[in-house]
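Please walk through this structure with the chain open beside you. The route runs from aromatic rings to cores, then to charges and single residues.

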Amino acid sequence: GTWICGFAGNGLTEYTIPEGIKGIENYTFEDEKDLISVTLPSSLVEVGAYAFYNCPNLEAVYGPNTSEDHRSIIFGDQFRLFAARKGIKHIHIPDNVTEIGYQVFAECQELETITMGDQVEVIEGYAFAFSPSLKSVTLSANFRSTNNGYNLFLNSDNLEEVYFRSLVPPDYYDSQMSEFPKLKMYVPEQSLELYKRHPGWSQYKQYMIGFDYDDLPGGNIYISSD
């Protein structure tokens, strides 16, 4: 396919990527501080995690693969990039999304809270990492896997609360555990011991608190005693 790999449009406030382009490489629009809006082609099927790195004034991305608020790039049911970040402190994952891609919310300087419905099943590595203002994340009740990803919250040191709604702990591995001075992890009361014993989540057990959710889908779970 045809990829766009570099942008020589310094000073432009808006740009339309030509039809026929299938991918945007990492760092293509890096440091484009004048850029306010970008229009994506219908041919686009891939975008790098840092395609719009450090574009502080980007307010909107337009095109068939964008969210209703024109802040994010979504392919089918996969949330791939939170691109237009200026001034946004809260974001809710659209209800049709089942997968959150690699590093989607990494290095969000202003974002404070993230919520999602219970349709999200996969959240890939570093999804919420390196975000200094992030305080609260609510995770889906059907979150089951990081798709071999890890370090979801790395260096988001001001994180205060994460709401785990999954009765069964999602598949997870954290290779670089961070210290979180304010963090509380609210896990379903009936699953507290499962989370504390889970090989991926157990290193967070000092932050875990059993929480009585009254709206979880799927009812209760049975824990074998043998």
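**Rings, cores and charges**

Phe164, Tyr172, Phe180, Tyr195, Trp201, Tyr204 and Tyr207 form one aromatic cluster. The model is predicted. Keep that in mind at each stop.

Aromatic pairs come next. The whole structure has 26 of them. One of these joins tyrosine 15 and phenylalanine 29. Their ring centres are 6.2 Å apart, with 55° between the planes, so the pair counts as tilted, between the 30 and 60 degree limits. Tyrosine 15 sits in strand S2 (residues 14-16). Phenylalanine 29 sits in the loop between strand S3 (23-24) and strand S4 (37-39). The pair therefore ties together parts 14 residues apart in sequence. How accessible are the two partners, tyrosine 15 and phenylalanine 29? Tyrosine 15 is partly exposed, at 24% relative accessible area. Phenylalanine 29 is buried, at 0%.

Tyrosine 102 and tyrosine 126 make another pair, this one edge-to-face. Their centres lie 6.0 Å apart, and the planes meet at 85°. Tyrosine 102 belongs to the loop between S10 and S11. Tyrosine 126 belongs to the loop between strand S12 (122-123) and strand S13 (136-138). The pair thus ties together parts that are 24 residues apart in sequence. Tyrosine 102 is partly exposed, at 41% relative accessibility. Tyrosine 126 is buried, at 12%.

Stay with that loop for glutamine 103. This residue also lies between strand S10 (99-100) and strand S11 (113-116). Is glutamine 103 buried or exposed? Its relative accessible area is 10%, so it falls under the 20% limit and is buried. Its side chain makes a polar contact with the side chain of tyrosine 50, at 3.4 Å. Beyond four places in sequence, glutamine 103 is in contact with Ala49, Tyr50, Gly125, Tyr126 and Ala127. Tyr126 is thus one of its contacts.

Now the nonpolar interior. Which residues have the most contacts inside the largest nonpolar core? They are Phe79, Phe105, Ile123, Phe128, Phe153 and Trp201, in a core of 38 residues. S8, S9, S11, strand S17 (184-188) and helix H1 (192-197) each give two or more residues to this core. Phenylalanine 128 shows what such a position looks like. Leaving aside neighbours within four places in sequence, phenylalanine 128 is in contact with Phe105, Ile114, Met116, Ile123, Leu134, Val137, Leu139, Leu152, Phe153 and Ser156. A second, separate core has 21 residues, including Ile24, Val47, Leu58 and Val61.

Turn to the charges. The structure holds eight salt bridges. One of them joins glutamate 46 and arginine 80, with 2.4 Å from N to O. Glutamate 46 lies in strand S5 (residues 46-47), and arginine 80 lies in strand S8 (residues 78-82). The pair therefore ties together parts 34 residues apart in sequence. Glutamate 46 is partly exposed, at 26% relative accessible area. Arginine 80 is buried, at 18%.

Glutamate 59 and lysine 86 form another bridge, with the closest N and O atoms 3.5 Å apart. This pair links distant parts of the chain, 27 residues apart. Glutamate 59 is in the loop between S5 and strand S6 (60-62), and lysine 86 is in the loop between S8 and strand S9 (90-93). Glutamate 59 is partly exposed, at 35% relative accessibility. Lysine 86 is also partly exposed, with 34%. Elsewhere, salt bridges that share partners join Asp118, Arg165 and Asp215 into one network.

Glutamate 99 is a contrasting case. It is found in strand S10. It is buried yet has no salt bridge. Which side chain of opposite charge is nearest to glutamate 99? That is arginine 80, 7.0 Å away. The side chain of glutamate 99 does make a polar contact with the side chain of glutamine 78, at 2.8 Å. Not counting residues up to four places away, glutamate 99 touches Asp77, Gln78, Phe79, Val122, Glu124 and Asn147.

The last stop is phenylalanine 211, in strand S18 (residues 208-211). It is partly exposed, with a relative accessible area of 31%. Phenylalanine 211 and proline 188 are 23 residues apart in sequence, but their C-alpha atoms are 5.0 Å apart in space. Outside its neighbours within four places, phenylalanine 211 is in contact with Tyr186, Val187, Pro188 and Glu189.

Conventions: Residues are numbered from 1 along each chain as its sequence is written. This is a predicted model: local features need pLDDT of at least 70, side-chain atom pairs count only at pLDDT 80 or more; totals for chains, interfaces and linings use all residues. Side-chain values use heavy atoms; hydrogens and water are left out. Helices (H or I, at least four residues) and strands (E, at least two) are DSSP runs, numbered from the N terminus. Buried means under 20% relative accessible area, exposed over 50%, partly exposed in between (1.4 Å probe, protein chains only). A polar contact is a pair of N or O atoms within 3.5 Å; within protein, one must be able to donate a hydrogen and the other to accept it, and residues adjacent in sequence count only if both atoms are side-chain atoms. Contact means heavy atoms within 4.5 Å. A salt bridge is a side-chain nitrogen of Lys or Arg within 4 Å of a carboxyl oxygen of Asp or Glu. A nonpolar core is a set of buried Ala, Val, Leu, Ile, Met, Phe, Trp, Tyr and Cys residues joined through side-chain atoms within 4.5 Å. Lys and Arg count as positive and Asp and Glu as negative; His and the chain ends are not counted. Rings of Phe, Tyr and Trp (its six-membered ring) pair if their centres lie within 6.5 Å; planes under 30 degrees apart count as stacked, over 60 as edge-to-face and the rest as tilted.
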